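Student: I have a structure open on my screen and would like to walk through it with you. Could we take it one question at a time?

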Amino acid sequence: MTQLIPEDVVELFESGVSILVGTRDANCLPEATRGVGALVHPDRRRLTVFLPKETSARAVANLRDNGQVAVGFSAALDHRTLQVKGILEEIRDANEDERQVIARYHGAFIEVLYFTGIPRALAKHLTVWPSLAVTFRATDIFHQTPGPNAGALMSSFEAAPSK
C-alpha cells in the first residue's frame, strides 16, 4: 500500500514551524538552510519548501549535484519534530501565489517566535523574499521529537502506482 503524508502532519508542515533544510555536498559536508514556508502537494507524497535566494546558494548547489534533501519541521511550543527525507524533483523561482504562502508562514513564524521570547520587531527582519521553490518527493518521515521514539521511522513512501 502506498503511504500518504497524514493530515495532521500536513497541518504541521504548513504551519509556523521552524523549517531547516539539510543538504550535503559531494564530500558529504552538510549544509543547513532555513526554509520560509512549505506546501504539501495534493498527492500527499510531494512537498515544496521555500528557500530565500539570498541565503540558499550552497543548498541549491548541493541539491543540483545529488538531489538528496532532509527537511526538519519543528514546533517551538511543544517540540514536536519530524524529519522528511526525499529526492529533488524541481528548483525554480517562487511565483506570486507562493509569495502569499511565504508571507502567511512568515507571519505565523513571527508569532511563534514571539511566544518563545523573541521580539516581533526582530523576527520580522528574517529574509523571506525573493525565494526559490524546491519540490521533492518524500521517501521517509522520521519522528525527531525528543524522547524514546526519536529517530523512529514514521512512514516510508513507495512510488505512486502506474496508471
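**Strands, core and salt bridges**

Tutor: Happy to. Let us start with one pair of residues: Ile141 stands opposite Ser155 in S8. Keep in mind that this is a predicted model.

Student: How many bridges join S7 to strand S8?

Tutor: Strand S7 covers residues 131-143, and strand S8 covers residues 153-156. The two run antiparallel, and Ile141 facing Ser155 is a pair from these strands. The number of bridges joining them is 3.

Student: How many bridges join strand S6 to S7?

Tutor: Strand S6 spans residues 81-93 and runs antiparallel to S7. For a pair to look at, find Ile87, which stands opposite Arg137 in S7. The count of bridges between S6 and S7 is 11.

Student: Which residue in S7 is the bridge partner of Val49?

Tutor: S4 is made of residues 46-52, and 7 bridges join this strand to S7 in an antiparallel arrangement. Pro52 of S4 has Ser131 as its bridge partner in S7. For Val49, the partner in S7 is Val134.

Student: How many residues of S7 are buried?

Tutor: Buried here means under 20% relative accessible area. S4, a partner of S7, is mostly covered, with 6 of its 7 residues buried. S7 is mostly covered too, and out of its 13 residues the number buried is 10.

Student: Which residue takes a positive phi in the hairpin of S3 and S4?

Tutor: Strand S3 (residues 38-40) pairs with S4 in the antiparallel sense over 3 bridges, and Val40 stands opposite Leu47 in S4. The hairpin has 5 residues between the strands. The residue there with a positive phi, near 55 degrees, is Arg44.

Student: Which residues touch the most other members of the largest nonpolar core?

Tutor: That core holds 40 residues. Phe73 gives a good view of the surroundings: leaving aside residues up to four places away in sequence, Phe73 touches a list of residues including Leu12, Phe13, Leu47, Val49 and Leu82. The core members that touch the most others are Ile5, Phe13, Leu47 and Phe73.

Student: Is Leu77 buried or exposed?

Tutor: Leu77 is found in the loop between strand S5 (68-74) and S6. Together with Tyr114 and Phe115, Leu77 forms a nonpolar patch on the surface, with about 370 Å² of accessible area in total. The cut-off for exposed is over 50% relative accessible area. Leu77 has 59%, so the answer is exposed.

Student: Which residue forms a salt bridge with Arg80?

Tutor: A search of the whole structure finds 9 salt bridges. In the one made by Arg80, the closest N and O atoms are 3.2 Å apart. This pair links distant parts of the chain, 72 residues apart, with Arg80 in the loop between S5 and S6 and the partner in helix H1. That partner is Asp8.

Student: Why does Asp8 count as partly exposed?

Tutor: Partly exposed lies between the buried limit, under 20%, and the exposed limit, over 50%. Arg80, the salt-bridge partner of Asp8, counts as partly exposed at 27% relative accessibility. Asp8 falls in that range as well, because its relative accessible area is 41%.

Student: Is Glu31 buried or exposed?

Tutor: The side chains of Glu31 and Arg58 meet in a salt bridge, 3.1 Å from N to O. This pair links distant parts of the chain, since Glu31 is in strand S2 (residues 30-34) and Arg58 in helix H2 (residues 57-66), 27 residues apart. With buried meaning under 20%, Glu31 at 14% relative accessibility counts as buried.

Student: Which helix holds both Arg99 and Glu96?

Tutor: The side chains of Arg99 and Glu96 meet in a salt bridge, at 3.8 Å from N to O. Arg99 counts as partly exposed at 34% relative accessibility. The two residues are 3 apart, about one turn of the helix, and the helix is H3 (residues 96-115).

Student: How far apart in space are Glu7 and Leu126, C-alpha to C-alpha?

Tutor: Glu7 lies in helix H1 (residues 7-13) and is partly exposed, with a relative accessible area of 45%. In sequence, Glu7 and Leu126 are 119 residues apart. In space, C-alpha to C-alpha, the distance is 28 Å.

Key: Residues numbered from 1 in each chain as written. Predicted model: local features only at pLDDT ≥ 70, side-chain atom pairs only at ≥ 80, totals over all residues. Heavy atoms only, no water. Buried < 20%, exposed > 50% of the residue type's maximum accessible area, 1.4 Å probe, protein only. Helix = DSSP H or I, 4+ residues; strand = E, 2+ residues; numbered from the N terminus. Pairing = 2+ DSSP bridges. Core = buried A, V, L, I, M, F, W, Y, C linked by side-chain atoms within 4.5 Å. Contact = heavy atoms within 4.5 Å. Patch = residues over 30% accessible without salt bridge, like charges linked within 9 Å, V, L, I, M, F, W, Y side chains within 5 Å. Areas by Shrake-Rupley, 256 points an atom, 1.4 Å probe, with all protein chains shown as cover. Salt bridge = Lys/Arg side-chain N within 4 Å of Asp/Glu carboxyl O.
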